[in-house]
Amino acid sequence: IEYRTFADFDLLVGRLHQIFDYAVQSPMLLTKDIDHREKAFLNRMFNSITLANDARIEALRSKVGKERFLYLLYRWNASDFSRLIDLIGAYENREYDRACDLARERVISEFQAFSHLCGNTNFNRKWLLNYSARINVDARLLARFRRLFLVDRYDLVAAPEAYIRETVDF
């Protein structure tokens with residue numbers, strides 16, 4: 001259980017709206033963020049079971065704007081083009097261990113961003129597979145992600161290039 005005053009909540013919503021306005025005007029890179037606890041609070045607010053005063057919690061959810069929050073979660077994960085540049089650099093330099101690591105991290109980040117566009121308000125990566133199943137991500141896409149996420153069917157020592165290429169294709 002977490003305690004927040006309505007004044008604290010209003011400040012958080014104000015910051016979220018400012019960041020959203022900034023994000024809409026800056027499609028290349030989103031550098032403004034809220035902290036981990038604030039994201040966790042908002043996720044719980046959108047996924048909790050209301051025990052009393054359903055109208056009040058719906059009003060608070062509406063004040064935040066679920067679509068606005070989902071868009072920001074998407075942007076916080078998908079907006080960093082430097083990840084692809086780093087991956088390409090490592091690949092071209094034949095630094096395959098580093099390239100495989102960067103490729104896997106990129107797949108996770110991009111899929112998590114996609115999951116937010118599908119309705120996942122949970123930003124914590126440890127729940128990514130659970131929430132992806134819960135929001136009905138296409139089974140073929142989820143299976144392909146799981147294969148890349150779990151590095152299934154790849155020999156990263158003998159043939160790392162195949163894994164790296166498939167992550168970029170994904």
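## Around α3

Just after α3, Gly65 takes a positive phi of about 85 degrees. This is a predicted model, and α3 is a good place to start reading it. The helix spans residues 54–64. Its buried residues are Ile57, Leu60, Arg61 and Val64. They cover an arc of only 100 degrees around the axis, so they sit on the same side of α3. Ala55 and Ser62 lie on the other side of α3, and these two are exposed.

What do the buried residues of α3 pack against? Their partners are α1, α2 and α4.

## The largest nonpolar core

In soluble globular proteins, nonpolar side chains tend to be buried together. Here the largest nonpolar core has 22 residues. Within this core, Leu42 and Val64 touch the most other members. Four elements give two or more residues each: α1 (6–25), α2 (36–47), α3 (54–64) and α4 (66–78). The largest share comes from α1, with 7 residues.

Which residues does Leu42 touch, leaving aside those up to four places away in sequence? The contacts are Leu12, Leu16, Ile34, Val64 and Phe69. Val64 also belongs to the buried residues of α3.

A second core, separate from this one, holds 18 residues. Among them are Tyr96, Ala99, Cys100 and Val107.

## The largest pocket

The largest pocket contains about 660 Å³ of space. Its lining is made of 19 residues. Nearest the centre of the pocket lie Glu2, Phe41, Ser48, Ile57 and Leu60. Two of these names return from the buried residues of α3: Ile57 and Leu60.

Three helices, α1, α2 and α3, each supply at least two residues of the lining. How many lining residues are nonpolar, polar and charged? The lining divides into 11 nonpolar, 4 polar and 4 charged residues.

## Two asparagines in loops

Asn53 is not a glycine, yet Asn53 has a positive phi of about 60 degrees. This residue lies in the loop between α2 and α3. Is Asn53 buried or exposed? Its relative accessible area is 53%. The cut-off for exposed is over 50%, so Asn53 counts as exposed.

Asn136 also has a positive phi of about 60 degrees without being a glycine. Its place is the loop between α7 (128–134) and α8 (139–149). At 66% relative accessibility, Asn136 is exposed.

## The end of α6

Helix α6 covers residues 96–117, and Leu117 is found in this helix. Is Leu117 buried or exposed? Leu117 has 51% relative accessibility, so this leucine counts as exposed.

Leu117 and Glu67 are 50 residues apart in sequence. In space, their C-alpha atoms are 8.5 Å apart. Glu67 falls within α4, which runs over residues 66–78.

## Helix α9

Helix α9 takes in residues 160–169. Its buried residues are Pro160, Tyr163, Ile164, Glu166 and Thr167. Their arc around the axis is only 165 degrees, which puts them on the same side of α9.

What covers the buried residues of α9? The cover includes α5 (82–92), α6 and α8. Helix α6 is also the helix that holds Leu117. Helix α8 is one of the two helices that flank the loop of Asn136.

Technical notes. Residues are numbered from 1 along each chain as its sequence is written. This is a predicted model: local features need pLDDT of at least 70, side-chain atom pairs count only at pLDDT 80 or more; totals for chains, interfaces and linings use all residues. Side-chain values use heavy atoms; hydrogens and water are left out. A nonpolar core is a set of buried Ala, Val, Leu, Ile, Met, Phe, Trp, Tyr and Cys residues joined through side-chain atoms within 4.5 Å. Buried means under 20% relative accessible area, exposed over 50%, partly exposed in between (1.4 Å probe, protein chains only). Contact means heavy atoms within 4.5 Å. The arc is that of the directions from the helix axis to the C-beta atoms. On a 1 Å grid over the protein atoms alone, a cavity is a set of points where a 1.4 Å probe fits but cannot get out, and a pocket is an open set with protein on both sides within 12 Å along at least five of seven lines; lining residues have an atom within 4 Å of a point. Grid points are joined across faces, edges and corners, and a volume is the space filled by probe spheres set on the points. Ala, Val, Leu, Ile, Met, Phe, Trp, Tyr, Cys and Pro count as nonpolar, Asp, Glu, Lys and Arg as charged, and the others, Gly among them, as polar.
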